[in-house]
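User: Could you take a close look at the nonpolar core of this model for me, and set it in the context of the whole chain? I'd enjoy one connected walk-through.

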Amino acid sequence: MANFERFTELKELLAGLEADADKFYNKGNSAAGTRLRKGLQDIKNLAQSIRLEIQDSKNSVASKK
């Protein structure tokens, strides 16, 4: 089930940003903010890709009925 693996990848990306979020929000580290923004953009792109896969899957099932 490759699609679920992509969802797991999304969760891992988010968990990986926790340290940078802490450094940015609690310690004022601006470089961590830059890494956080980049990571969030990666999450956004992966989430959009997953959304499109889900929609395509739903449409293909609906068209077979």
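Analyst: Happy to! A word on terms before the surface figures: accessible areas here come from the Shrake-Rupley method with a 1.4 Å probe. On that basis, the protein exposes about 5,200 Å², and carbon and sulfur atoms supply 56% of that area. Please keep in mind that this is a predicted model.

Let's start with the overall frame. The protein has three helices and zero strands, so the order from the N terminus is simply α-α-α by the definition of these elements. The C-alpha trace spans about 55 × 15 × 15 Å along its principal axes. The radius of gyration tells a matching story: the protein has 16 Å, whereas a compact globule of 65 residues would have a value near 11 Å. Of those 65 residues, 15% count as buried.

Now to the core itself. The largest nonpolar core is made up of six residues: L10, L17, L36, I43, L46 and I50. Helix α3, which covers residues 30-64, gives the most to this core, with four residues.

L46 is a good place to zoom in. Leaving aside residues up to four places away in sequence, L46 touches R6, E9, L10 and L13. One of these partners, L10, is itself a member of the core. Another partner, E9, is found in helix α1, residues 2-16. Is E9 buried, exposed or something in between? E9 counts as partly exposed because its relative accessibility is 39%, and the partly exposed class lies between the 20% and 50% cut-offs. For a sense of distance, E9 and A32 are 23 residues apart in sequence, and their C-alpha atoms are 21 Å apart in space.

Helix α3 also holds L40. L40 has a relative accessible area of 43%, so this leucine is partly exposed; a residue has to be under 20% to count as buried, and a nonpolar core is a set of buried residues. The C-alpha atoms of L40 and K23 are separated by 15 Å, with their positions 17 residues apart along the chain.

Stepping back to the whole chain, consider contacts between residues at least 6 apart in sequence: 50% of them join residues at least 24 apart. The contact partners of L46 listed above, among them R6 and L13, give a concrete picture of pairs well separated in sequence.

Finally, the charges: the protein has 12 positive and 9 negative side chains, and the centres of these two sets lie 5 Å apart.

Terms used:
Residues are numbered from 1 along each chain as its sequence is written. This is a predicted model: local features need pLDDT of at least 70, side-chain atom pairs count only at pLDDT 80 or more; totals for chains, interfaces and linings use all residues. Side-chain values use heavy atoms; hydrogens and water are left out. Helices (H or I, at least four residues) and strands (E, at least two) are DSSP runs, numbered from the N terminus. The radius of gyration is taken over C-alpha atoms; the globule rule is 2.2 Å times the number of residues to the power 0.38. Buried means under 20% relative accessible area, exposed over 50%, partly exposed in between (1.4 Å probe, protein chains only). Contact means heavy atoms within 4.5 Å. Lys and Arg count as positive and Asp and Glu as negative; His and the chain ends are not counted. The place of a charge is taken as NZ of Lys, CZ of Arg, CG of Asp or CD of Glu. A nonpolar core is a set of buried Ala, Val, Leu, Ile, Met, Phe, Trp, Tyr and Cys residues joined through side-chain atoms within 4.5 Å.
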